[in-house]
Amino acid sequence: MRVMKKIIILFLLISFCGGNAETIEESSGVVENTTTSTLNSSPTTQTTSIELEESSDSSERRYRGVLRTSILQSVPLIYDFKNYTEKVIKPNHEYIEYFAYSIRIPVFFDSQKCSTEVNNIIESSVNNLIEDTKSVLEFTNPEEAEEEWGGFYESLSIDYDVIEVSDEVISVFLSYSTYSFGAAHPISAIIGFNYLIEDCSKLEIQKLFDSSNLNYEIIISSEMQNQLCANLENNEECERFLSFIDPFPLLTELLDCCSAFAVSEYGLFVQFWEYEVSSYSEGAELILLPWHDLVPSLDTAGPYSNILVSYSQKSWTESIFEPEWEISK
């Protein structure tokens, strides 16, 4: 199933490596300027068996569940840090009247550490998407296509969510949606950018976890299912909801294709693509895995131990959804 999905979305990724509003003209493709139930899984297998039961601390612990199902919605829990402005990009190229663009991106101020690195990767990704959208002109003349197919239309929408700008990280979701004339519906996807403030390097999600713990991926998958099924009434509903993919993917599979991740003081945001874990009608689910739930799988002596310690000391994030947690360096 995941192999088929990779083939379907390959064309979306082929061109990738891996405030006050400001309008820009682009001519060459270069951007200028609930319930209290929980799921348990067997630690001895690589597949996660779904078993719904009441949590022992259900009176104190509740899962938030799915936070959104559409990239048109803003990510909840996140407030505006005012460390960035917004640019609206309006591409300009041949046959522009046949194309529809709606592109907004964040631009971090020079005063923000690591702004150059983050701005560059976002602009590069957006440029690639623009180039990919207008590359259809290399093979098709819109006027001839109208005569042959009865119409021609291409659209690209790009938006964003700034997940965190702090002393620890900059995390951003860049979401995009494309549509071509004659298609049944748009195709949407999300990219996650996570950068360490300490040295402006890319934060590698997998290095947050202790790979020497043979069960660490099972722990993470189980918590993902807890969130995805939190608002469902019983095990049967959960099985129907997740029936699109079996077995449930492990972290290494999701990092390979196609989910997006964002690190925050609340926990790890996981943004699934459409068709990732459910049907198209269910949408693109966003969940939050609190650090409290991930403690058994975290690498507390790894390269990001300082970040984890710092997050664990931020008492203002504590709630019944993201309970108090602690680790030792």
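The paragraphs below lead through the disulfides, some backbone features, two helices and the internal cavities of this predicted model. Because the model is predicted, local features are given only where pLDDT is at least 70 and side-chain atom pairs count only at pLDDT 80 or more, while totals for chains, interfaces and linings use all residues. Residues are numbered from 1 along each chain as its sequence is written, and side-chain values use heavy atoms, with hydrogens and water left out.

The disulfides offer a starting point. A disulfide is here a pair of cysteine sulfur atoms within 2.5 Å, and the structure holds three of them. When the bonded cysteines are counted along the chain, they pair in the pattern 1-2, 3-4, 5-6. C114 and C200 form one of these disulfides, with their sulfur atoms 2.2 Å apart. C114 lies in the loop between β5 (99–108) and α2 (115–134), and C200 in the loop between β8 (187–196) and α4 (216–228), so the pair ties together parts that are 86 residues apart in sequence. Helices (H or I, at least four residues) and strands (E, at least two) are DSSP runs, numbered from the N terminus. The link of C114 and C200 is left-handed, with -85° about the S-S bond. Buried is used for residues under 20% relative accessible area, exposed for those over 50% and partly exposed for those in between, with a 1.4 Å probe and protein chains only; on this scale C114 is buried at 5%, and C200 is also buried, at 16%. C200 has a further feature in its backbone, a positive phi near 65° in a residue other than glycine.

Another disulfide joins C229 to C238, with an S to S distance of 2.0 Å. The torsion about its S-S bond is about 70°, so this disulfide is right-handed, and both C229 and C238 are buried. A disulfide also joins C257 to C258, S to S 1.8 Å, and the peptide bond from C257 to C258 is cis, with omega near 15°. C257 is buried, with a relative accessible area of 6%, and C258 is likewise buried, with a relative accessible area of 6%. C258 lies in the loop between α6 (251–256) and β9.

A positive phi is found elsewhere too. Y95, which is not a glycine, has a positive phi of about 60°; this residue lies in the loop between β4 (84–91) and β5 and is buried, with a relative accessible area of 18%. G150, just after α3, takes a positive phi of about 90°. At the N-terminal end of helix α3 (residues 142–149), N141 acts as a cap, a side-chain oxygen lying 2.9 Å from the backbone nitrogen of E143.

Helix α8 (305–312) is mostly covered, seven of its eight residues being buried. Those buried residues are S305, I307, L308, V309, S310, Y311 and S312, and what covers them includes β6 (154–165), β7 (169–180), β8, β9 (260–263) and α7 (291–294). In the segment after α8 lies T317, which counts as buried at 8% relative accessibility. A polar atom of the T317 side chain lies 2.9 Å from the backbone oxygen of K314. Leaving aside neighbours within four places in sequence, T317 is in contact (heavy atoms within 4.5 Å) with E265, Y266 and E322.

T317 leads on to the cavities. On a 1 Å grid over the protein atoms alone, a cavity is a set of points where a 1.4 Å probe fits but cannot get out, and lining residues have an atom within 4 Å of a point; grid points are joined across faces, edges and corners, and a volume is the space filled by probe spheres set on the points. The largest cavity, of about 40 Å³, is lined by E265, Y266, W291, H292, T317, E322, P323 and W325. Its lining divides into four nonpolar, two polar and two charged residues, where Ala, Val, Leu, Ile, Met, Phe, Trp, Tyr, Cys and Pro count as nonpolar, Asp, Glu, Lys and Arg as charged, and the others, Gly among them, as polar. The second largest cavity has a volume of about 30 Å³, and L77, I78, Y79, F81, I163, E164, S264, E265 and Y266 line it. Its lining residues divide into six nonpolar, one polar and two charged. E265 and Y266 appear in both linings.

Conventions: On a 1 Å grid over the protein atoms alone, a cavity is a set of points where a 1.4 Å probe fits but cannot get out, and a pocket is an open set with protein on both sides within 12 Å along at least five of seven lines; lining residues have an atom within 4 Å of a point. A polar contact is a pair of N or O atoms within 3.5 Å; within protein, one must be able to donate a hydrogen and the other to accept it, and residues adjacent in sequence count only if both atoms are side-chain atoms.
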